[in-house]
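Trainee: Got a minute to go through this model with me? I'd like to start with how the strands are put together.

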Amino acid sequence: MSNAIEFPKNFLWGASTSAYQIEGSPLADGAGPSIWQRFAHSPGNIRDGDTGDVACDHYRRSAQDVALMREIGLQAYRFSISWSRVMPSGRGAVNPVGIGFYDELVDRLLAQGIKPMVTLFHWDLPETLDNQGGWLNRDIADWFADYARVMFERLDDRVTSWATLNEPWVVSDGGYLNGTLAPGHHNRFEAPIAAHNLLRAHGAAVKVYREVGKHEIGLVVNLEPKYPASESAADQQAAARGHAYMNGQFLDPVFFGRYPEKMKDVYGDAWPEWPAEDFELIRQRLDFIGVNYYTRSVTRDEPSALPVRAVAVRQPLATYTETGWEVYARGLSDTLEWVAARYGNPPLYITENGAAFFDPPVAEGGRVHDPLRIDYYQKHLRAIHEVIQKGVDVRGYCAWSLLDNLEWAHGFSKRFGIVHVNFATQERTLKDSAYFYREVIATNGAVL
Ligand SMILES: OC[C@@H]1[C@@H](O)[C@H](O)[C@@H](O)c2[nH]c(CCc3ccccc3)c[n+]21
């Protein structure tokens with residue numbers, strides 16, 4: 001038997017981006033501000049004072065960028081819709097130019113044989129809704145469902161793969177517990193409420209999709225396996241808390257209609273009682289789970305690291321990315337096997353996977369040599385193939401990211417793209433990793 005790698009026949013090869021990180025023009029043509037517009041323009045929140053005012057200028061260069069996707073041979077493109085571009089006040093009136101941008105983008109993709117994979121919410125909440133409590137207001141489930149309905153009715157004739165939310169954990173942990181991301185709250189009582197309303201909103205949108213939609217809908221979560229740093233009970237418990245907090249907190253309610261028991265241990269007196277009917281809303285049947293994987297955490301007990309009381313331990317012999325994440329492809333296979341075993345082998349897409357390394361400038365002849373990123377992709381794609389061979393139902397893979405873009409609070413300092421962006425000139429240059437990925441797609445993985 002040849003040991004050449006081959007992915008399943010219809011495996012879907014794509015790349016991902018998100019609206020605020022690439023589009024620019026946040027207030028153009030009637031668009032309303034999102035909380036990231038406000039957060040980025042509040043001094044000190046984003047490195048070097050970078051903002052999404054221009055970013056990759058994708059709002060004006062989408063035709064050029066779709067041509068790039070075609071050049072790389074992408075079969076799918078995962079992108080998010082800016083809620084406040086489409087509904088400037090987050091509710092009610094629809095901005096025809098704003099929704100028209102996404103309508104045209106979908107047509108351009110389909111014209112190139114590229115499957116659109118749409119995320120309705122990738123962190124950029126309309127500012128007006130945040131002013132009404134945002135994810136802390138239970139009414140947001142209805143606001144989000146109304147927005148979702150508008151998008152389904154406009155695009156579901158051409159968009160066949162939808163995700164409600166990108167990474168509710170990051171919104172709760174970064175936006176409400178630690179304050180590192182918009183809306184920048186630092187409140188352990190707010191964080192679980194935001195997480196819960198994100199899940200309720202997810203469920204409300206899926207319910208609408210079951211009324212009006214004809215294709216597939218899922219939820220995108222970031223998953224990070226937690227390995228105890230030692231055999232001690234304290235470290236084992238810390239890893240279990242970290243696992244419940246990041247990985248089980250969202251998938252258990254969606255699949256089982258309940259939170260992991262350990263969530264009470266994590267939040268203590270900040271953990272509310274939840275109305276039972278909320279879980280009936282949250283646990284809507286899904287067609288897939290999107291998994292965003294970057295790294296693992298070797299976890300030890302740290303009583304002062306509230307509320308999870310767990311911290312990652314640096315691995316002395318490992319390679320680390322520019323964002324301080326250990327390169328550990330085994331963690332991806334372990335995570336995928338855990339999801340399959342715990343939740344009944346649901347269809348999965350890897351909706352994000354990638355790394356920021358210090359890329360050299362564009363060399364003579366227009367090449368960007370990024371061997372570490374090629375190595376990262378090779379290792380992680382092999383890890384996916386390994387678990388597919390064991391029966392895990394992975395349907396596709398989207399590299400994060402198509403373009404170097406605004407890496408949230410890191411600004412433009414961290415480059416994840418397989419395509420280099422010169423932010424001064426907006427020139428795009430395929431990195432070596434883009435040429436590598438083109439070969440992976442063309443051979444359905446055989447070059448790995
Ligand atoms: O950091 C790289 C990407 C972001 O650019 C995407 O917008 C976001 O979906 C995303 N999620 C993760 C993993 C979760 C995480 C996010 C931020 C900070 C720490 C962990 C990595 N990424």
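Mentor: One term before we start. Two strands count as paired if DSSP finds at least two bridges between them. And keep in mind that this is a predicted model.

Trainee: Fine. Which residue stands opposite tyrosine 397 in S11?

Mentor: Isoleucine 350. The strands there are S10, residues 348-352, and S11, residues 394-400. They run parallel, joined by three bridges.

Trainee: What do those two strands belong to?

Mentor: A closed barrel of eight strands. The order is S1-S2-S3-S4-S5-S7-S10-S11, and the pairing is parallel. Neighbouring strands in this sheet are turned by 25 degrees against each other on average, direction ignored.

Trainee: Which strands does helix H13 touch?

Mentor: H13, residues 330-343, packs on the sheet and touches S7 (288-292), S10 and S11. Its direction makes about 140 degrees with that of S10.

Trainee: Anything to look at within H13?

Mentor: Try aspartate 334, which sits in that helix. Its relative accessibility is 25%, so it counts as partly exposed. Aspartate 334 is also 9.8 Å from isoleucine 384, C-alpha to C-alpha, with their positions 50 residues apart in sequence.

Trainee: Back to the barrel. How many residues of S3 are buried?

Mentor: Six of seven, so S3 (residues 115-121) is mostly covered, where buried means under 20% relative accessible area.

Trainee: And how is S3 held on its two partners?

Mentor: Five bridges join it to S2, residues 76-80, and those strands run parallel. One of the bridge pairs there is alanine 76 with lysine 115. S3 also pairs with S4, residues 161-166, in the parallel sense over four bridges. In that case threonine 119 has alanine 163 as its bridge partner.

Trainee: Now the nonpolar packing. Which residues have the most contacts inside the largest core?

Mentor: Trp83 and Trp135. That core has 138 residues. Helix H9, residues 190-212, gives the largest share, with eleven residues.

Trainee: What does tryptophan 135 contact, leaving aside its neighbours within four places in sequence?

Mentor: Quite a list. Among them are Trp83, Phe121, Leu125, Leu165 and Tyr176. Tryptophan 135 also contacts Ile193, Ala194, Asn197, Leu198 and Ala201.

Trainee: Is there a second core, and what is in it?

Mentor: Another core, of eight residues, lies apart from the largest one. Its members include Ala76, Met117, Ala163 and Cys398.

Trainee: Switching topic. What order do the strands of the open sheet take?

Mentor: S6-S8-S9, three strands with mixed pairing. S6 (226-228) and S9 (310-312) stand at the edges. Each has a single partner strand, so one side of each is left without a neighbour in the sheet. The twist averages 45 degrees from one strand to the next.

Trainee: How do S8 and S9 pair, parallel or antiparallel?

Mentor: Antiparallel, over three bridges, with S8 covering residues 297-301. Threonine 299 has alanine 312 in S9 as its bridge partner.

Trainee: What's in the loop between S8 and S9?

Mentor: Proline 307 is there. The peptide bond joining leucine 306 and proline 307 is cis, with omega about 0 degrees. Arginine 309 lies in that loop too. Its phi is near 60 degrees, a positive value in a residue other than glycine.

Trainee: Where else should I look for a cis bond?

Mentor: From alanine 182 to proline 183, where omega is near 5 degrees. Proline 183 lies in the loop between H8 (168-177) and H9.

Trainee: And glutamine 426, buried or exposed?

Mentor: Buried: its relative accessibility is 5%, so it falls in that class. Glutamine 426 sits in the loop between S12 (419-422) and S13 (427-430). Its phi is near 65 degrees, again positive in a residue other than glycine.

Trainee: Last one. What does the whole chain look like?

Mentor: It has 15 helices and 13 strands. The radius of gyration is 21 Å, close to the 22 Å that the globule rule gives for 448 residues, so the chain is as compact as a globular protein of that length. The C-alpha trace spans about 60 × 55 × 45 Å along its principal axes. Buried residues make up 61% of the 448.

Technical notes
Residues are numbered from 1 along each chain as its sequence is written. This is a predicted model: local features need pLDDT of at least 70, side-chain atom pairs count only at pLDDT 80 or more; totals for chains, interfaces and linings use all residues. Side-chain values use heavy atoms; hydrogens and water are left out. Axes are lines fitted to C-alpha atoms, for helices over the stretch in contact, and angles run from 0 to 180 degrees between N-to-C directions. Contact means heavy atoms within 4.5 Å. The radius of gyration is taken over C-alpha atoms; the globule rule is 2.2 Å times the number of residues to the power 0.38. Buried means under 20% relative accessible area, exposed over 50%, partly exposed in between (1.4 Å probe, protein chains only). A nonpolar core is a set of buried Ala, Val, Leu, Ile, Met, Phe, Trp, Tyr and Cys residues joined through side-chain atoms within 4.5 Å.
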